[in-house]
Amino acid sequence: MSSHQDFTPKPVEKNIRNTYRWLEDRLPILSFLSDALVTYPAPRNLNYMWNFGSLAGIALVLQILTGIFLAMHYKGDVNLAFDSIQHIMRDVQWGWLIRNLHMVGASFFFIVVYIHMARGLYYGSYKSPREVLWGLGVIIFLLMMATAFMGYVLPWGQMSYWGATVITNLLSVIPFIGKYVVVWLWGGYSVGDPTLTRFYAFHFVLPFVIIGVVVLHLWALHLHRSNNPVGIDLKRAKDYIPFHPYYTIKDTFGLGVYLIPFTLMVFFLPEYLGHPDNYIPANPMVTPAHIVPEWYFLPFYAILRAIPIKEIGVAAMFGSILVLFFLPWLDSSPVRSARFRPLYKQIYWLFLINFVVLGWCGANPPEGMFVIIARVATVLYFSFFALLPVLARYEKTKPLPATI
Ligand code: HEM
């Protein structure tokens, strides 16, 4: 043994650096995260509308975390489900908080994602080369709707039961095989215990599928980088800034602002966006006076009911979402941002107002003036997409700046 051996401990930094290099050599996950969250070159002119992507990610993680804790006490059995929710609200330590966070969190997740989509629509973020990024977003949106729909069935209240009955029955319009598909989906001849159990299984697993699609969404985003409010391609290095610290701080600030209305709702108005009938246990013998889905489905529900022929109503409802996939090709205008598209800007705002009007119709019984308004609004909804190719050809756009 040499008497010159150095026994002084290595500096901590050196150890960390060595461990980092060791891991990098085997799994470069840390540099991958750093590329995504620290050095990612973000356009330097992003406004607050670009906060909603990261907020959506946080909302998704919160849903998964609170969902896992709820699953520890929930019972996916028609004889126990309703009471297990009451047990969570009354007996489980902090159960009321976990459930309120999950319930209000679902609504806020949809608010955030609707704003995120409206931002993309305004600034033309769906256009080339971001078509796949947009398409993956539409897939996420569909998965979110499926997850939320099945989640709402789990408390097994009157709206859970009747909402599930009405919506699953829609599939009976599929030619020839429709009624078999519905029986297969129910796992019986009506919505019942097998339906609840499978909805619980899907409701648990789909958010993880969403996480997977979000990873693809971010991969596609990082390939061509973010669009920006001006909508032009950025060529100079000085048009970009590293994501950290500029946007990590901005996103954290945005999160703080978001948490104000969110926590107010969680603590003071947790039931505001829900329906009181869902506190009556499911009863297949009593149909509620009005069956209404959760608020975020209302515009699509209005389209369904606006059309008196059931088959066409169902096709229009699904079509109103699927048409989003084709948006990048329907709108062939080379100019992305609505700032430079005077006509597009107008029909964009009309489209958003019309979407809210559809939601209002969906919340009301399909009678009298609501039927008329819903029909006009449905025509206007689809007219937006039909107008886009024409607009691209005839619209006189404003001159684009060379740089930002
Ligand atoms: C779980 C839901 C979602 C998450 C976590 C998510 C996450 C993100 C993030 C972090 C960004 C980058 C930051 C930003 O631009 O705001 C982004 C960009 C984008 N997302 Fe999403 N997203 C979700 C849903 C959607 C949906 C439903 C759509 C559209 C149907 C969509 C379309 C887009 C587009 C087009 C961009 C690029 C925006 C640009 O660069 O201008 N996303 N998303």
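**The ligand and its iron atom**

Me: What makes the pair formed by Asn 227 and an oxygen atom of the ligand a polar contact?
Reply: A backbone N or O atom of Asn 227 sits 2.7 Å from that oxygen atom. A polar contact is a pair of N or O atoms within 3.5 Å, so 2.7 Å qualifies. Mind you, this is a predicted model, where local features need pLDDT of at least 70, side-chain atom pairs count only at pLDDT 80 or more, and totals for chains, interfaces and linings use all residues. Residues are numbered from 1 along each chain as its sequence is written, and side-chain values use heavy atoms, with hydrogens and water left out.

Me: Which side chain has an N or O atom 2.7 Å from an oxygen atom of the ligand?
Reply: That's Ser 125. Arg 119 also places a polar side-chain atom 3.1 Å from a ligand oxygen.

Me: How do you know which residues coordinate the iron atom of the ligand?
Reply: Donors are N, O and S atoms within 2.8 Å of the metal (3.2 Å for Na, K and Ca). NE2 of His 116 and NE2 of His 217 lie at 2.0 to 2.1 Å, so both count. His 116 belongs to helix α5 and His 217 to helix α9, so the pair ties together parts 101 residues apart in sequence.

Me: Why is the arrangement around the iron atom called octahedral?
Reply: Six donors count as octahedral if opposite ones are over 155 degrees apart and all others between 65 and 115. The six donor atoms here subtend angles of 82 to 178°, which makes the arrangement octahedral.

Me: Are His 116 and His 217 buried or exposed?
Reply: Both are buried, meaning under 20% relative accessible area (1.4 Å probe, protein chains only).

Terms used. A polar contact is a pair of N or O atoms within 3.5 Å; within protein, one must be able to donate a hydrogen and the other to accept it, and residues adjacent in sequence count only if both atoms are side-chain atoms. Four donors count as tetrahedral if all angles lie between 85 and 135 degrees; four count as square planar and six as octahedral if opposite donors are over 155 degrees apart and all others between 65 and 115; anything else is irregular. Helices (H or I, at least four residues) and strands (E, at least two) are DSSP runs, numbered from the N terminus. Buried means under 20% relative accessible area, exposed over 50%, partly exposed in between (1.4 Å probe, protein chains only).
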